[in-house]
Amino acid sequence: MVDRLANSEANSKRIGVVEGCFGAAGQPLAIPGRVLIGEGVLTKLCRKKPKARQFFLFNDILVYGNIMIQKKKYNKQHIIPLESVTIDKVPDEGDLRNGWLIKTPTKSFAVYAATATEKSEWMNHIGKCVEDLLQKSGKAPSGEHAAVWVPDSEATVCMRCQKVKFTPVSRRHHCRKCGFVVCGPCSEKKHLLPSQSSKPVRVCEFCFVQLAAEGAAAACSDSLGRLGSKFHNMSDEDDDEDDSSD
């Protein structure tokens, strides 16, 4: 079905409409072979509170944006390559029902559909698109993903020290490694997370110590590997010298 629609006039028109809704601020979406699979409004669990967002599923990317005028105008376009996406179910909790996680190396978040049927359809279509892409490219599923941020409303005190209460003065911060809501003193450090940013990002003290230890272990392993290679090469040279003297 996707192959049949790829170069159809109807598909081109549908993609053109989406581009028009995002306007000049949005990126062009029409490329050869790209098909618009479906679209709809999902509730995205944002840092402050759940918010309605318009989502568009293509056969190779997932696009979403803020709703300015329903079916007419959207802004703050986000484009997620499906090759890097993994999805997981989320248990129902209070008013937040029919949800799942969209996880990528750069950003992960929860979304919620209006009904269980809609949730199932979204997850099935996303899963099928990811499977088809990986099959065509020969790549393995992404094993790394960014942490899902804990919403501000779920933490009245720092999730690390369990002491500092959040107030207008004592602000909330998010660790980019674990997604916890933490206080300023517990998140003074920064560490490079290449999949998320080219610059060091805020991490909590706990994650910083873990990341530093992992970095030291990796450096030590690399150093030992080079040292072993050096001794191996020296041994080869010695063997050559012994052979030549015979």
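Lys189 sits at 32% relative accessibility, so it falls in the partly exposed class. In this predicted model, its partner is Glu205: the two form a salt bridge, with the closest N and O atoms 3.4 Å apart. The contact ties together distant parts of the chain, as Lys189 lies in the loop between β9 (181-182) and β10 (190-191) while Glu205 belongs to helix α4 (residues 205-245), 16 residues away. Glu205 has 35% relative accessibility, so it too counts as partly exposed.

Now move to Asp60 and Arg34. Here the salt bridge has its closest N and O atoms at 2.9 Å. Again distant parts of the chain are joined: Asp60 comes from the loop between β2 (50-58) and β3 (61-69), and Arg34 from the loop between α2 (9-22) and β1 (36-45), with 26 residues separating them. What about the solvent? Both Asp60 and Arg34 are buried, and that label takes a relative accessible area under 20%.

Next up is the pairing of Lys139 with Glu83, a salt bridge at 3.1 Å from N to O. These two are 56 residues apart: Lys139 is in the loop between α3 (116-137) and β8 (173-174), and Glu83 in the loop between β4 (73-81) and β5 (86-90). Glu83 has a relative accessible area of 27%, which means it is partly exposed.

Not everything here is a simple pair, though. Arg47, Lys48 and Asp152 are linked in a network of salt bridges. The background idea is an easy one: side chains carrying opposite charge can pair when their charged atoms come close. Count the salt bridges in this model and you get nine.

Notes. Residues numbered from 1 in each chain as written. Predicted model: local features only at pLDDT ≥ 70, side-chain atom pairs only at ≥ 80, totals over all residues. Heavy atoms only, no water. Salt bridge = Lys/Arg side-chain N within 4 Å of Asp/Glu carboxyl O. Helix = DSSP H or I, 4+ residues; strand = E, 2+ residues; numbered from the N terminus. Buried < 20%, exposed > 50% of the residue type's maximum accessible area, 1.4 Å probe, protein only.
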